[in-house]
Amino acid sequence: NWLVLMPLKDKPAKGAVDGLSEAIKGRETVELVGDNLYIVYPDGQGRSKLTIQLIEKHLGTRGTARNWNTVLKLGELAQ
């Protein structure tokens with residue numbers, strides 16, 4: 001499993017995450033926590049149809065994605 005954190009520029013409109021979930025063609029899952037979207041790619045991110053462009057289109061805002069290992073390493077550096 002790949003876990004990705006995607007901080008969003010703006011909070012998505014109500015129902016936008018549900019719309020994104022319905023558009024997902026694979027086994028990926030998404031969850032919004034505050035202004036952060038968490039994405040699980042159970043089969044890896046490389047071949048997934050759930051792209052940043054698709055996410056931003058459905059959520060109506062931009063974001064930047066980082067895999068969870070990178071998030072942890074950045075946290076260590078910040079300490």
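This is a short tour of a predicted model, one selection at a time.

**Stop 1: the strands**

Start with strand E3, residues 36-41. Colour strand E1 (2-7) as well, and you will see E1 and E3 run antiparallel, paired over 6 bridges. Select tryptophan 2 and look across to E3: tyrosine 41 stands opposite.

Now add strand E2, residues 29-33. E2 also pairs with E3 in the antiparallel sense, here over 5 bridges. One of the residues to click on is glutamate 31, whose bridge partner in E3 is tyrosine 38. Follow the chain from E2 into E3 and you pass through a hairpin with 2 residues between the strands. Pause at glycine 34 in that turn, where phi is positive, about 65°.

**Stop 2: the two faces of E3**

Show the side chains of E3. Which of them are buried? Leu37, Ile39 and Tyr41 are, and they point to one face. Asn36, Tyr38 and Val40 point to the other face and are not buried.

Stay with isoleucine 39 for a moment and look for its contacts beyond four places in sequence: they are Trp2, Leu3, Val4, Met6, Thr29, Val30, Leu50 and Ile55.

**Stop 3: an aromatic pair**

Next, select tyrosine 38 and tryptophan 68. Their rings form a tilted pair, with 6.1 Å from centre to centre and 55° between the planes. A search of the whole structure finds 1 aromatic pair. Tyrosine 38 belongs to E3 and tryptophan 68 to helix H3 (residues 68-78), so the pair links parts of the chain that are 30 residues apart. Are these two residues buried, or partly exposed? Tyrosine 38 counts as partly exposed because its relative accessibility is 25%. Tryptophan 68, at 29%, is partly exposed too.

**Stop 4: helix H1**

Move to helix H1, residues 16-23, and pick out its buried residues: Ala16, Val17, Leu20 and Ala23. They sit on the same side of H1, because they cover an arc of only 120° around the axis. Residues three or four places apart in an α-helix point the same way, because there are 3.6 residues a turn. Turn the view to the face away from the buried side and you meet the exposed residues Asp18 and Glu22. Turn back, and you can see the buried residues of H1 packing against E2, E3 and helix H2.

**Stop 5: the nonpolar core**

Now for the largest nonpolar core, which has 14 residues. Select those with the most contacts inside it: Leu20, Val30, Leu37, Ile39, Leu50, Ile55 and Leu59. E1, H1, E3 and H2 each give two or more residues to this core.

Zoom in on leucine 50, in the loop between E3 and H2. Its relative accessible area is 5%, so leucine 50 is buried. Not counting residues up to four places away in sequence, leucine 50 touches Leu20, Ile24, Glu28, Val30, Ile39, Tyr41 and Ile55. Try a distance to serine 21 as well: the C-alpha atoms are 9.9 Å apart, with 29 residues of sequence separation.

**Stop 6: threonine 61**

Finish in the loop between H2 (52-59) and strand E4 (66-67), where you will find threonine 61. Threonine 61 counts as buried because its relative accessibility is 6%. Its side chain reaches the backbone nitrogen of aspartate 10 at 3.0 Å. Leaving aside neighbours within four places in sequence, the contacts of threonine 61 are Leu8, Lys9, Asp10 and Glu56.

How values were computed:
Residues numbered from 1 in each chain as written. Predicted model: local features only at pLDDT ≥ 70, side-chain atom pairs only at ≥ 80, totals over all residues. Heavy atoms only, no water. Helix = DSSP H or I, 4+ residues; strand = E, 2+ residues; numbered from the N terminus. Buried < 20%, exposed > 50% of the residue type's maximum accessible area, 1.4 Å probe, protein only. Polar contact = N/O pair within 3.5 Å; in protein donor to acceptor, adjacent residues only side chain to side chain. Contact = heavy atoms within 4.5 Å. Arc of directions from axis to C-beta. Phe/Tyr/Trp six-rings, centres within 6.5 Å; stacked < 30°, edge-to-face > 60°. Core = buried A, V, L, I, M, F, W, Y, C linked by side-chain atoms within 4.5 Å. Pairing = 2+ DSSP bridges.
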